[in-house]
Every structure is written in C-alpha cells, then in structure tokens.
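Reader: I've got a model open on my screen and I'd like to talk through its inside with someone. Can you take my questions one at a time?

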Amino acid sequence: MASAKRRQSRFPDRPASKFLAAGTYAVYDGVEVRLDRKGQGWQLLTDQETAGFTRDEYGRYVRRIAVGDPLELECFRLEYHANYRGITLAVQSPEGPVMAWTSDSRSLAEGFTQVDRGEYRKTIPLDDPDLHITTSRIPLPVPWAPSPKPSDDGTPNWNDFRDRLVDTFRKTSERLILIIASDMDPMKYVQFAREADRLDAEAPAPDVVAEAKESVLTEAGWMRPGIAQPNWTSSLALPALTTEYRAFAERCVAALRDACGVANPGELHYRAWRAAEEMSEGETWSAERVERMDRGAPLVELPSLGLRRPGPSQK
C-alpha cells in the first residue's frame, strides 16, 4: 500500500496542491469538474471560467444538465481510504492534516474521539509514518441518461428495492449501523441503527439537503427535526409484522426517491458495520463477561440489499 508521503504519483498530471476532495466528478473538455444533483437534474461546477458555463452568485461557473440531455461525459466517484496502525479509515482528501473517520472502536486506543454512535474521528498529520492512503476512482454511468428498464440491465426498481429493504431489516442484528447513500451526492442518504427493541432511521437535516421536499417526508410519516435531533427520524418497534416492515421501507424509499430526488436504486451504495457492545449505565460486568463482550465489526456485508459496498479494494 503506498504511503501518503508519495501521493504525488497517483495523479502525475496534477500539482500536489490541487488534489480533488472525495466526491463525484465528470471530465468536461479534459478537465475534472464537480458533478452534483440539482433539483430533478444535475449540474457541473468549476472555479474556472469555462465555455458553456454560467457564473452564479457564489462566483462559481455552472452548467445545468437535464434528464435526457445527449451530453456524453466520463463520470466517476473519487474516494480516499487509509490504513492507520491496522485500522481502516475513510478520509475526505489526501492533503494534511487528514481528518479521518472510522467505525472501528479499536481506534479509541489510538486517540480517536467518538462523535456519534459507532463513528470515531481523529486529525492525523500527513507525515505520520503510520498513515497510508490509497485512492479509488470508480466509474459511474452518465446519470442524466434516461434510466434503462429493469429487464434491460437487471437494476432493481423501487419496488424491488423496497422488498430488499424489508428482507434486510428482518435479518439485522443488534447494534448494526447501516447507511444507504446516493453515488451522485452522498449527503442524500438514509441511515439505520438496530437496537434490541427497535430499528431507528434518519434522513438528512434540512441544512444538509436544502432542496429535499419536506412535505413528502412529513406525508410519508417522518418526524420533523428538532433541537435535540436535527435530522428527520422514524422508528420501528420490534418485533414487527410484515406490514410494519413494509411501511417502514416505503418511508425510506420516499425519502430517497421522492424527497431527495434519487433517480433509481442503481444510484445507491451502502456502508454497514456493527458497533461494539457497551456496558449499560449502572451495570457492572465481571472480568469474564468483559472478555466475552462483542467487540463489533468494522465491515458488515448485506448482500440482500442488492447494492454495492464501496471499500479500499475498489480501483
């Protein structure tokens, strides 16, 4: 695995100071430009004046693309993954200092701080000899092309995806954390946390996905964000009936498809892990019980979802 100190070799045509942040991009006239979802279509973004682009109020140059536009571009998602003292990390950029995060609870012993349930973060100097970064450039189909029918390419439709969610929910185990997100815009997601007696779901806060349709989320049964919880939330009491699982899955489909505008399930990927078992407040465990505690798992595969799971092995 290549060291972070030698990162220049990964992009020989780009100066080291011009690394792209993790995200979705398109190659336009030989230049890599940001690709974002915008309303029902997409937009290309760059800081450089470019023919065919219009300058917006923020000083960026923008080209809007509607569904069905014949424009053919190379599209890809850029991801950076790292290994630090045997712990697999995700990072936003290979420039330092690196803000790294992981779902591996072992990272606490390496100075990471827990910032959320099952998520740990640390800022690491780029020249730390224990930090090794690799890059994944994952090709994506042109997202504005009309979606092919499921029978043409095997991509599940939303009803298929709903049923796969139901099947997956039934198989989840306690302390499982699952995030399902859009390839085009990872901020458009639903995430789940499995407890002993319930399955909790969250959709992004209004300040994360400003164009999300709040009326859709409300009508689908999501609880509005508040001071204590900034995200949209929903919970399913367990054990649940098949009809209850199905309604819960429909609510998640509505958040992705109708509120956030994800075109089809083929745009989605997932990450899943199992958080470490923790002693409840006021509880005391014997040394024997501590030894038997579940340390969690940094990666959990959920093939029943029918989605891709990104990881450091992808090139």
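What follows is a short round of questions and answers on this predicted model.

Reader: Let's start broad: how many helices and strands does the protein have?
Author: Bear in mind that this is a predicted model. Of the 315 residues in the protein, 48% are buried. As for secondary structure, the tally is five helices and 16 strands.

Reader: Which element gives the largest share of the largest nonpolar core?
Author: That core has 36 residues, and F161, L165, I180, F192 and W222 are those with the most contacts inside it. Several elements supply at least two residues each, among them α2 (158-171), β12 (176-182), β13 (189-194) and α4 (242-259). The largest share is eight residues, and the element they come from is α4.

Reader: Which residues does L165 touch, leaving aside its neighbours within four places in sequence?
Author: L165 is one of the residues with the most contacts inside the largest core. In general, nonpolar side chains in soluble globular proteins tend to be buried together. Setting those sequence neighbours aside, L165 is in contact with I180, A249, C252, V253 and L305.

Reader: And how many residues are in the second core?
Author: This one is separate from the largest core. Its members include Y25, A82, V91 and V98. The count is 21 residues.

Reader: Why is β16 largely enclosed by the rest of the structure?
Author: β16 (268-274) is among the elements that supply at least two residues of the largest core. To call a residue buried here, its relative accessible area has to be under 20%. β16 is largely enclosed because the buried ones among its seven residues number five.

Reader: Which residue of β16 stands opposite L178?
Author: β12 and β16 pair in the antiparallel sense, over seven bridges. Across from L178, the residue in β16 is A272.

Reader: Which strand supplies the largest share of the lining of the largest cavity?
Author: By the rule used, there's one cavity of 30 Å³ or more, and the largest has a volume of about 30 Å³. Its lining is F169, T172, L176, L178, F192, A193, R194 and L199. Both β12 and β13 supply at least two of those residues. The largest share is three residues, from β13.

Reader: Last one: how many of those lining residues are nonpolar?
Author: R194 and T172 are both in the lining. Sorted by type, the lining has one charged residue and one polar residue. The nonpolar ones number six.

Methods:
Residues are numbered from 1 along each chain as its sequence is written. This is a predicted model: local features need pLDDT of at least 70, side-chain atom pairs count only at pLDDT 80 or more; totals for chains, interfaces and linings use all residues. Side-chain values use heavy atoms; hydrogens and water are left out. A nonpolar core is a set of buried Ala, Val, Leu, Ile, Met, Phe, Trp, Tyr and Cys residues joined through side-chain atoms within 4.5 Å. Buried means under 20% relative accessible area, exposed over 50%, partly exposed in between (1.4 Å probe, protein chains only). Helices (H or I, at least four residues) and strands (E, at least two) are DSSP runs, numbered from the N terminus. Contact means heavy atoms within 4.5 Å. On a 1 Å grid over the protein atoms alone, a cavity is a set of points where a 1.4 Å probe fits but cannot get out, and a pocket is an open set with protein on both sides within 12 Å along at least five of seven lines; lining residues have an atom within 4 Å of a point. Grid points are joined across faces, edges and corners, and a volume is the space filled by probe spheres set on the points. Ala, Val, Leu, Ile, Met, Phe, Trp, Tyr, Cys and Pro count as nonpolar, Asp, Glu, Lys and Arg as charged, and the others, Gly among them, as polar. Two strands pair if DSSP finds at least two bridges between them.
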